[in-house]
Amino acid sequence: MTYRFPTQSNLYRGESEPVKRPKEFACFSYDEQHQYHIGDRSMKWYYTPALGADLSQGYEDFIKHDDSIDEHLDSLLTTIVHHEKETKKPIDANIVTWRGMMTKIMAVPFDNRDGFEMNATLYRGAIFIEENNEYKKASKEAQQNWRSAIPQDVMQYWGYKFETLSTIPRPWGETSRDYIENRDSHVTNNKEQYCSVVRTGIGKSIICIGGEVDAIWDSKPNPTYVELKTSANPTSGRDEENFHRKLMKWWIQSFLLGVPKIIVGFRSPDGILTKVEEIKTMTIPHMVKSMGKAHWDGDVCINFAGAFLEWLRQTITTEGVWRIRSAPKSNFIEVFQVEQVGHGNIITDEFMNWRIQLSLADATTSVNAERTPGVLEGG
Ligand code: A3P
Ligand code: MG
């Protein structure tokens with residue numbers, strides 16, 4: 001049985017309900033070897049990069065994370081366990097996933113060019129969604145075959161290089177001038193990441209999402225998160241259309257984690273950093289509308305995601321593994337069961353063992369609570 005949910009944008013027009021502000025409740029880091037640590041040790045501070053930098057510099061020394069390995073939801077689940085050990089109760093989310101999955105879902109009414117595949121499972125009242133790694137690998141390989149003047153790998157490096165050029169590992173006051181001035185010669189390493197885990201709501205669903213945060217903007221007492229992006233200098237009308245599409249992805253990504261500011265590094269066609277601009281995340285949907293020829297609408301993205309998640313919760317009601325799929329250029333999302341029992345590799349043993357332990361502890365507490373009057377009677 002395959003269930004289908006329509007994705008045409010015209011079905012979801014209208015002002016969206018006010019959305020709850022995402023609230024961070026935990027964070028974790030991957031160190032330079034991509035080893036997991038709870039907490040913010042890999043967090044970076046934003047500090048304006050020098051213009052004129054060559055984003056290709058150091059490409060040969062790039063320490064690149066092998067993203068063909070399937071990491072499932074492991075780090076996110078470990079972080080949730082850590083949090084629940086402190087609160088001694090399970091989180092209340094209906095949906096648990098990476099920010100990247102929610103971004104694909106929210107964007108689909110306006111961007112179904114590439115399609116996507118995810119795996120989902122229902123565990124103790126919540127739906128856990130991971131990327132289907134096989135599909136991701138296959139689409140990456142297809143992308144590698146696109147021909148372009150500058151190799152795809154180099155262009156991808158530019159984005160990470162921009163992060164190296166724009167961040168420092170400690171606040172400005174604690175960082176030497178020497179460090180800041182020599183950022184162009186620092187090795188770029190994308191194994192290192194800082195990730196925020198938030199609780200947020202879309203429509204009637206409470207969702208827990210984890211995602212990478214590039215840097216913080218040091219304005220005490222409330223430092224804010226910033227997202228770093230690169231983009232070619234728009235020159236023609238066609239570029240502008242692409243830029244609008246990029247803005248949609250940037251807005252969704254940042255909106256989901258509650259990142260209020262995006263720093264854009266504009267570059268020449270051959271990767272020289274020419275300009276840096278700040279964009280307030282909140283202003284993007286309006287900005288795109290006011291520029292005319294709008295290719296997307298933020299309200300539609302939110303309305304669609306709210307309706308889809310609600311439908312998904314009514315559809316995935318038994319255990320097993322489910323596939324969530326949107327084929328390239330289709331105008332629906334398909335959901336069907338691929339395994340009848342268990343949870344595939346979506347839920348870790350660590351997470352299950354913890355939840356069992358938690359419910360046993362809970363049962364013991366309630367039994368004791370029930371017994372208390374009896375004890376009093378006896379005494
Ligand atoms: P840009 O976003 O500046 O192009 P993110 O901004 O999401 O943290 O990603 C950092 C960089 O990773 C991107 O820089 C880009 O270089 C690379 N990247 C992210 N997602 C990608 C994708 N789907 N395909 C290719 N490169 C990607
Ligand atoms: Mg970024």
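User: Before we look at the metal site, what counts as a donor here?

Analyst: Happy to start there. Donors are N, O and S atoms, and water is not among the atoms, so sites may look incomplete. Keep in mind too that this is a predicted model. For a metal such as magnesium, outside the Na, K and Ca group, the cut-off is a distance to the metal within 2.8 Å.

User: Which residues coordinate the magnesium ion (ligand 2)?

Analyst: The contacts lie at 2.2 to 2.3 Å. Along the chain, the donors follow the spacing D-x12-E-L. Two of them use side-chain labels OD and OE and one uses O: the residues are Asp-214, Glu-227 and Leu-228.

User: How many residues apart in sequence are the parts that Asp-214 and Glu-227 tie together?

Analyst: Asp-214 sits in the loop between strand S10 (205-212) and strand S11 (215-217). Glu-227 belongs to strand S12 (residues 224-232), so the pair ties together parts of the chain that are apart by 13 residues.

User: Are Asp-214 and Glu-227 buried or exposed?

Analyst: The cut-off for buried is a relative accessible area under 20%, while exposed means over 50%. By that scale, Asp-214 and Glu-227 are both buried.

User: Turning to the aromatics, what is the angle between the planes of Phe-28 and Trp-98?

Analyst: The whole structure holds 22 aromatic pairs. Phe-28 and Trp-98 form one that is 6.3 Å centre to centre. The pair counts as tilted, with the planes at 55 degrees.

User: How many residues apart are Phe-28 and Trp-98, which link distant parts of the chain?

Analyst: Phe-28 is buried, at a relative accessible area of 0%, and Trp-98 also counts as buried, at 18%. Phe-28 lies in strand S2 (residues 23-30) and Trp-98 in strand S5 (residues 95-98). Their separation in sequence is 70 residues.

User: Which residues do ring pairs link into a cluster?

Analyst: Here the rings are joined through their pairs. The members are Phe-5, Tyr-12, Phe-304, Phe-308 and Trp-311.

User: How far is Lys-261 from the ring centre of Trp-217?

Analyst: There are charges over rings to look at here. The charged end of Arg-4 sits over the ring of Phe-332, 3.9 Å from its centre. Lys-261 lies over the face of Trp-217, and its distance from the ring centre is 3.6 Å.

User: How many nonpolar residues are in the lining of the second largest pocket?

Analyst: This pocket has a volume of about 610 Å³. Its lining has 27 residues, with Arg-21, Trp-251, Phe-255, Thr-281 and Met-282 nearest its centre. Helix H6 (237-257), strand S14 (273-280), helix H7 (284-290) and helix H8 (298-315) each supply at least two lining residues. By type, the lining has nine charged, seven polar and, for the class you asked about, eleven nonpolar residues.

User: What is the C-alpha to C-alpha distance between Ile-263 and Thr-230?

Analyst: Ile-263 is found in strand S13 (residues 261-267) and is buried, with a relative accessible area of 1%. Thr-230 is 33 residues away from Ile-263 in sequence. In space, C-alpha to C-alpha, Ile-263 and Thr-230 are separated by 8.3 Å.

User: What is the phi value of Lys-329, a residue other than glycine?

Analyst: Lys-88 is a helpful companion: its phi is positive, near 60 degrees, and it is exposed, with a relative accessible area of 63%. Lys-329 lies in the loop between strand S15 (321-326) and strand S16 (332-339). At 68% relative accessibility, Lys-329 counts as exposed. Its phi is also positive, near 65 degrees.

Key
Residues numbered from 1 in each chain as written. Chains lettered and ligands numbered in written order. Predicted model: local features only at pLDDT ≥ 70, side-chain atom pairs only at ≥ 80, totals over all residues. Heavy atoms only, no water. Donors = N, O, S within 2.8 Å, 3.2 Å for Na, K, Ca; no water. Helix = DSSP H or I, 4+ residues; strand = E, 2+ residues; numbered from the N terminus. Buried < 20%, exposed > 50% of the residue type's maximum accessible area, 1.4 Å probe, protein only. Phe/Tyr/Trp six-rings, centres within 6.5 Å; stacked < 30°, edge-to-face > 60°. Lys NZ or Arg CZ within 6 Å of the ring centre and 35° of its normal. 1 Å grid on protein atoms, 1.4 Å probe; cavity = no way out; pocket = protein on both sides within 12 Å on 5 of 7 lines; lining within 4 Å. Points joined across faces, edges and corners; volume = space filled by probe spheres on them. Nonpolar A, V, L, I, M, F, W, Y, C, P; charged D, E, K, R; others polar.
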